[in-house]
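Colleague: Please take a close look at the metal site in this model, and then follow the chain outward from there. I would like one connected account rather than a list.

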Amino acid sequence: MAIDQSVLLGERPSTVTPLVEIEDLRVFYRTVSGIGRAVDGVNLTMQRGEILGIAGESGCGKSTLANAMLRLTRPPGYINGGHVHFHPRNGDPIDLLTVDDGALRRLRWNNLAYIPQGSMNSLNPVMRISDQFVDAMQEHGYDGRAAQAKVPELLQMVNLAPYVARLYPHELSGGMKQRVIIAMAISLDPDLVIADEPTTALDVNVQRIIIQTLAELRDRLGMSIMIVSHDMAVHAELVDRVAVMYAGQIVEVRPVRQVFKEPLHPYTQGLIGAIPQVGGTRVRLEGIGGSAPNPTQWPEGCRFHPRCRFATAYCHAVHPELLPEPGKAADPQAPPALVACHLYHHAAEMGRTDGR
Ligand SMILES: Nc1ncnc2c1ncn2[C@@H]1O[C@H](COP(=O)(O)OP(=O)(O)O)[C@@H](O)[C@H]1O
Ligand code: SF4
Ligand SMILES: [Mg+2]
C-alpha cells in the first residue's frame, strides 16, 4: 500500500503509563537443523493508550513475539526466558509468563485480546455471526442474553450494519469478516488488542477501511493496540511508535513520524526505501540486498552486518545494544527512542567522525 505522508503529520500525544513491559524475552524453536532463536532477547515497553507497530520483513520473529506475549507458544516453539509484565489499571503488575493458567485465561480476552494472523478465515462457516459473538462472550463469563443484546452495538463500532449479525461468514466480504473479528476482540472491552497482519490479504481500499476502524476504536475506547505488520505503509498510517525487528531482536523503536522522517538504523532505512512513496508519484523500490539470515545461525556481532552498507570490522565482532537515540534530551513525558547500531554509539570504533 502506498504511503500518504500527510497522515504522518498528525502524531498523537504520547503518555508514559506502561501497559506491558517485555523483558529479555526469548522464544526458540526446536528444528532438525538446530535451535532457531526466533525471538532472542526482546525488551519493549508498550504504553497505555498507544498504538505500537511491530515491523520487519517476514521471518524476523514478529508473530512469535506476539504469540509469546500471551503465552500461546506451541511446540516445537518454547519460551526460553524473560518476562511479560502486564500492568492492570488497579493492582500490581502480573507476569503473563508465570501467572497460573486460570488467571491467564481470565486475562485473555477480558484484558488482552489477540487477533492471530489469518483469523478472519477462522469464523465458523455454519454459524450465524451473532451466535459466534454470543458463544465467544459466554465462554468468558458473559450472560447469553446480555451478549446477544450487545452484538449490534459491537458491529456498529466497526461500522457494520446490524443485519450483519444474521448472516453467515460466506455472505461477508474479506473486509467485513476482518471487522467482525475485530468487533469480537473488543467485545469484552480489553486494555490491549494485539492484531497480527490485520490488513494482509485484503485489497488496498479495504486495508484503508480496517486501518480507519482500528484508529477510531483507539480514539473512542482508549484501548492500546499492537499492530504486527510487514507493511511499513500500515505503520505509517496507523501507529504512534514503531518497533523494527530484525533477526529476532528490536533494532529501532521510535515515534513513527521520526522514523519516516529520519530512519536511524540502516535496516529501517532499507525497509522505508523498499516501499512505494507518496501516492505512487515517486516510486523507489531499492529493497535491501541479501536475504534474512537463518535463526539457527545468526551472524556474529551485528546480525545485520552481512547486508549493511556501513558495516566495518567492528560490526562483525561486536553486537550493538539497543540504546537511547543520541543527541536527544530524554523527555519524561514520552517513551524512550532507541536504536541498536554502532554508527550512533561507537562512531569512533567505526572510524567515523560524523556521528553517523
Ligand atoms: N513452528 C515453527 N517451527 C520452526 N521454526 C519456526 C516455526 N514458526 C516460526 N518459525 C521460524 O521462526 C522465525 C520467525 O517466524 P515468525 O515469528 O513467524 O516471523 P514473522 O511473523 O516476522 O514473519 C522464522 O525464521 C520462522 O521460520
Ligand atoms: S552496527 Fe554496523 S552492521 Fe549493524 S547496522 Fe549498524 S553499521 Fe550496520
Ligand atoms: Mg507473522
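Modeller: A donor here is an N, O or S atom within 2.8 Å of the metal, and water is not among the atoms, so a site may look incomplete. The model is a predicted one. With that in mind, the magnesium ion (ligand 3) is coordinated by Ser63 through OG and by Gln117 through OE1, at 2.1 to 2.8 Å. The two donors come from distant parts of the chain, 54 residues apart: serine 63 belongs to helix H1 (residues 62-69), while glutamine 117 sits in the loop between strand E6 (112-115) and helix H3 (129-139). Buried means under 20% relative accessible area and exposed means over 50%. Serine 63 has a relative accessible area of 24%, so this residue is partly exposed. Glutamine 117 is at 46% and therefore also counts as partly exposed.

The helix that supplies the serine is itself mostly covered, with 6 of its 8 residues buried. The buried residues of H1 are Lys62, Thr64, Leu65, Ala66, Ala68 and Met69. After H1 comes arginine 71, which has a positive phi near 55 degrees. Further along, in the loop between H1 and strand E4 (77-86), lies proline 76. The peptide bond joining proline 75 and proline 76 is cis, with omega about 10 degrees. For context, most peptide bonds are trans, and most residues other than glycine have a negative phi.

From the glutamine side, the loop leads to H3, and H3 packs against H5. The axes of these two helices come within 10 Å and cross at roughly 25 degrees. An angle under 35 degrees counts as roughly parallel, and H3 and H5 are therefore roughly parallel to each other. Their crossing is right-handed. On the H3 side the residues that meet the partner are Ile129, Gln132 and Phe133, and on the H5 side they are Val180, Ala183 and Met184.

Two of these contact residues lead into the interior. Phe133 and Val180 are among the residues with the most contacts inside the largest nonpolar core, together with Leu155, Ile227, Leu238 and Tyr267; this core has 70 residues. Helix H5 (residues 174-185) gives the largest share of the core, 7 residues. Leucine 155 touches both Phe133 and Val180, and also Leu160, Ala161, Pro162, Val164 and Ala165, leaving out residues up to four places away in sequence. Apart from this core lies another, of 36 residues, which includes Ala68, Leu70, Val84 and Val228. Ala68 is also one of the buried residues of H1, the helix that holds serine 63.

Between helix H4 (144-157) and H5 there is a loop that contains asparagine 159. Its phi is positive, near 60 degrees, although the residue is not a glycine. With a relative accessible area of 43%, asparagine 159 is partly exposed.

H5 also packs against H6. Their axes come within 10 Å and cross at roughly 20 degrees, which makes H5 roughly parallel to H6. This crossing, too, is right-handed. Gly175, Gln178, Arg179 and Ile182 of H5 make the contact with Val206, Ile209, Ile210, Thr213, Leu214 and Leu217 of H6.

The loop between strand E7 (192-196) and helix H6 (204-221) holds threonine 199. Its relative accessible area is 2%, so threonine 199 is buried. Apart from neighbours within four places in sequence, threonine 199 is in contact with Gln207, Ile210, Ile211 and Val234. Ile210 is also one of the H6 residues that meet H5. The C-alpha atoms of threonine 199 and valine 228 are separated by 9.8 Å, with their positions 29 residues apart along the chain. Val228 is one of the members of the 36-residue core.

Alanine 201 is in the loop between E7 and H6 as well. Its phi is positive, about 75 degrees, and the residue is not a glycine. Alanine 201 has a relative accessible area of 73% and is therefore exposed, whereas threonine 199 is buried.

Methods. Residues are numbered from 1 along each chain as its sequence is written. Chains are lettered from A and ligands numbered from 1 in the order in which they are written. This is a predicted model: local features need pLDDT of at least 70, side-chain atom pairs count only at pLDDT 80 or more; totals for chains, interfaces and linings use all residues. Side-chain values use heavy atoms; hydrogens and water are left out. Donors are N, O and S atoms within 2.8 Å of the metal (3.2 Å for Na, K and Ca); water is not among the atoms, so sites may look incomplete. Helices (H or I, at least four residues) and strands (E, at least two) are DSSP runs, numbered from the N terminus. Buried means under 20% relative accessible area, exposed over 50%, partly exposed in between (1.4 Å probe, protein chains only). A nonpolar core is a set of buried Ala, Val, Leu, Ile, Met, Phe, Trp, Tyr and Cys residues joined through side-chain atoms within 4.5 Å. Contact means heavy atoms within 4.5 Å. Axes are lines fitted to C-alpha atoms, for helices over the stretch in contact, and angles run from 0 to 180 degrees between N-to-C directions. Angles under 35 degrees count as roughly parallel, over 145 as roughly antiparallel, 65 to 115 as roughly perpendicular and the rest as oblique. A crossing is left-handed if the near helix is turned anticlockwise from the far one by less than a right angle, and right-handed if clockwise.
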